[in-house]
Amino acid sequence: MKEFTYKVTDPEGFHARPAGQLVKFAQGLDSDVTISLDGRKADARKIFAIMGLCVKQDNVITVSVSGGSEEANAASLKAFLEKSV
(Lines give C-alpha, C1' and ligand atoms only; values in the text may rest on other atoms or scores of the structure.)
Protein backbone atom coordinates (compact mmCIF):
# COMPACT_ATOMS: atom_id res chain seq x y z
CA MET A 1 0.00 0.00 0.00
CA LYS A 2 1.19 3.50 -0.86
CA GLU A 3 0.09 6.52 1.14
CA PHE A 4 0.58 10.24 0.81
CA THR A 5 -0.91 13.35 2.34
CA TYR A 6 -2.37 16.30 0.49
CA LYS A 7 -3.39 19.73 1.75
CA VAL A 8 -6.60 20.85 0.03
CA THR A 9 -6.18 24.27 -1.58
CA ASP A 10 -9.58 24.77 -3.23
CA PRO A 11 -11.43 27.54 -1.32
CA GLU A 12 -14.59 25.42 -1.39
CA GLY A 13 -12.90 22.15 -0.38
CA PHE A 14 -14.26 18.94 -1.91
CA HIS A 15 -17.58 20.21 -3.21
CA ALA A 16 -19.46 18.46 -6.03
CA ARG A 17 -17.17 19.40 -8.94
CA PRO A 18 -13.79 18.35 -7.52
CA ALA A 19 -15.32 15.35 -5.76
CA GLY A 20 -16.82 14.22 -9.08
CA GLN A 21 -13.51 14.70 -10.87
CA LEU A 22 -11.72 12.70 -8.19
CA VAL A 23 -14.25 9.86 -8.43
CA LYS A 24 -13.94 9.74 -12.20
CA PHE A 25 -10.14 9.67 -11.96
CA ALA A 26 -10.13 6.99 -9.23
CA GLN A 27 -12.52 4.79 -11.20
CA GLY A 28 -9.98 4.72 -14.04
CA LEU A 29 -7.27 3.23 -11.83
CA ASP A 30 -6.65 -0.47 -11.24
CA SER A 31 -6.06 0.16 -7.51
CA ASP A 32 -8.34 0.73 -4.53
CA VAL A 33 -8.18 4.33 -3.33
CA THR A 34 -9.23 5.49 0.13
CA ILE A 35 -9.36 9.08 1.38
CA SER A 36 -9.01 9.64 5.15
CA LEU A 37 -9.68 12.70 7.26
CA ASP A 38 -9.83 12.90 11.05
CA GLY A 39 -10.13 9.13 11.47
CA ARG A 40 -12.94 8.80 8.91
CA LYS A 41 -12.40 6.98 5.63
CA ALA A 42 -14.11 7.07 2.24
CA ASP A 43 -13.85 5.02 -0.94
CA ALA A 44 -12.63 7.45 -3.61
CA ARG A 45 -14.85 5.75 -6.20
CA LYS A 46 -18.04 6.88 -4.42
CA ILE A 47 -18.98 10.55 -4.59
CA PHE A 48 -21.31 10.52 -1.58
CA ALA A 49 -18.59 8.90 0.55
CA ILE A 50 -16.15 11.67 -0.38
CA MET A 51 -18.73 14.42 0.11
CA GLY A 52 -19.55 12.90 3.51
CA LEU A 53 -16.02 13.61 4.72
CA CYS A 54 -16.78 17.37 4.49
CA VAL A 55 -13.25 18.18 3.33
CA LYS A 56 -12.58 21.92 3.59
CA GLN A 57 -9.80 24.18 2.38
CA ASP A 58 -6.54 23.63 4.30
CA ASN A 59 -7.60 20.16 5.54
CA VAL A 60 -4.82 17.60 5.17
CA ILE A 61 -6.17 14.32 3.78
CA THR A 62 -4.41 10.97 3.63
CA VAL A 63 -4.72 9.09 0.37
CA SER A 64 -4.13 5.31 0.43
CA VAL A 65 -3.64 3.37 -2.79
CA SER A 66 -3.51 -0.42 -2.74
CA GLY A 67 -3.45 -3.20 -5.29
CA GLY A 68 -2.77 -3.08 -9.00
CA SER A 69 -0.10 -0.63 -10.07
CA GLU A 70 -0.23 1.17 -6.74
CA GLU A 71 3.05 3.05 -7.03
CA ALA A 72 2.27 4.49 -10.45
CA ASN A 73 -1.37 5.11 -9.51
CA ALA A 74 -0.38 6.93 -6.31
CA ALA A 75 1.97 9.19 -8.28
CA SER A 76 -0.66 9.98 -10.92
CA LEU A 77 -3.32 10.57 -8.26
CA LYS A 78 -1.04 12.96 -6.37
CA ALA A 79 -0.32 14.88 -9.59
CA PHE A 80 -4.06 15.00 -10.35
CA LEU A 81 -4.87 16.43 -6.90
CA GLU A 82 -2.10 19.03 -7.12
CA LYS A 83 -3.40 20.16 -10.50
CA SER A 84 -7.14 19.98 -9.88
CA VAL A 85 -8.10 20.47 -6.23
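User: Which residue forms a salt bridge with Asp10 through its side chain?

Analyst: This is a predicted model, so keep that in mind for everything below. Asp10 counts as buried at 10% relative accessibility, while its partner counts as partly exposed at 42%. The side chains meet with N to O at 3.3 Å, and the partner is Arg17.

User: How many salt bridges does the structure hold?

Analyst: One of them is the pair of Asp10 and Arg17. Another is formed by Glu71 and Lys2, with the closest N and O atoms 3.7 Å apart. The count for the structure is two.

User: How many residues apart are Glu71 and Lys2?

Analyst: Glu71 forms a salt bridge with Lys2. The pair links distant parts of the chain, with Glu71 in helix H3 and Lys2 in strand E1. Along the chain they are 69 residues apart.

User: Is Glu71 buried or exposed?

Analyst: The cut-off for exposed is over 50% relative accessible area. Lys2, its salt-bridge partner, is at 32% and counts as partly exposed. Glu71 has a relative accessible area of 56%, so Glu71 is exposed.

User: What is the order of the strands in the open sheet?

Analyst: The sheet has four strands with antiparallel pairing. Its edge strands are E1 and E3 (40-43), each pairing on one side only. Neighbouring strands are turned by 25° against each other on average, direction ignored. Reading across, the order is E1-E4-E2-E3.

User: How many bridges join E1 to E4?

Analyst: The two strands run antiparallel. Across this pairing, Glu3 stands opposite Ser64 and Tyr6 stands opposite Ile61. The number of bridges joining E1 to E4 is six.

User: Which residue in E4 is the bridge partner of Ser36?

Analyst: Ser36 has its place in strand E2, and E2 pairs with E4 in the antiparallel sense over five bridges. Not counting residues up to four places away in sequence, Ser36 touches Lys41, Ile61 and Thr62. Among those, the bridge partner in E4 is Thr62.

User: Is Ser36 buried or exposed?

Analyst: The cut-off for buried is under 20% relative accessible area. Ser36 has a value of 14%, so Ser36 is buried.

User: Which residue's side chain does Ser64 join in a polar contact of 3.0 Å?

Analyst: Ser64 lies in strand E4 and counts as buried at 8% relative accessibility. Its contacts, not counting residues up to four places away in sequence, are Met1, Lys2, Glu3, Asp32, Val33 and Thr34. One of these stands opposite Ser64 in the strand pairing, and the polar contact joins the side chain of Ser64 to that of Glu3.

User: What separates the C-alpha atoms of Met1 and Val65?

Analyst: Met1 is found in the segment before E1 and counts as exposed at 63% relative accessibility. Leaving out residues up to four places away in sequence, Met1 touches Ser64, Val65, Ser66 and Glu70. Met1 and Val65 are 64 residues apart along the chain, yet their C-alpha atoms are separated by 5.7 Å.

User: At about what angle to E1 does H3 run?

Analyst: H3 covers residues 70-84. The helix lies across E1, E2 and E4. Its angle to E1 is about 5°.

User: How many residues are in the largest nonpolar core?

Analyst: Those with the most contacts inside the core are Phe14, Leu22, Ile61, Val63, Leu77 and Leu81. Strand E1 (2-7), helix H1 (16-27), strand E2 (32-37), strand E4 (60-66) and helix H3 (70-84) each supply at least two residues of this core. The residue count of the core is 25.

User: Which residues does Phe14 touch, leaving out those up to four places away in sequence?

Analyst: Phe14 is among the residues with the most contacts inside the largest nonpolar core, along with Leu22, Ile61 and Leu81. Those three also turn up in its own contact list. The whole list is Val8, Ala19, Leu22, Ile50, Met51, Val55, Ile61, Leu81 and Val85.

Technical notes: Residues are numbered from 1 along each chain as its sequence is written. This is a predicted model: local features need pLDDT of at least 70, side-chain atom pairs count only at pLDDT 80 or more; totals for chains, interfaces and linings use all residues. Side-chain values use heavy atoms; hydrogens and water are left out. A nonpolar core is a set of buried Ala, Val, Leu, Ile, Met, Phe, Trp, Tyr and Cys residues joined through side-chain atoms within 4.5 Å. Buried means under 20% relative accessible area, exposed over 50%, partly exposed in between (1.4 Å probe, protein chains only). Contact means heavy atoms within 4.5 Å. A salt bridge is a side-chain nitrogen of Lys or Arg within 4 Å of a carboxyl oxygen of Asp or Glu. Two strands pair if DSSP finds at least two bridges between them. Axes are lines fitted to C-alpha atoms, for helices over the stretch in contact, and angles run from 0 to 180 degrees between N-to-C directions. A polar contact is a pair of N or O atoms within 3.5 Å; within protein, one must be able to donate a hydrogen and the other to accept it, and residues adjacent in sequence count only if both atoms are side-chain atoms.
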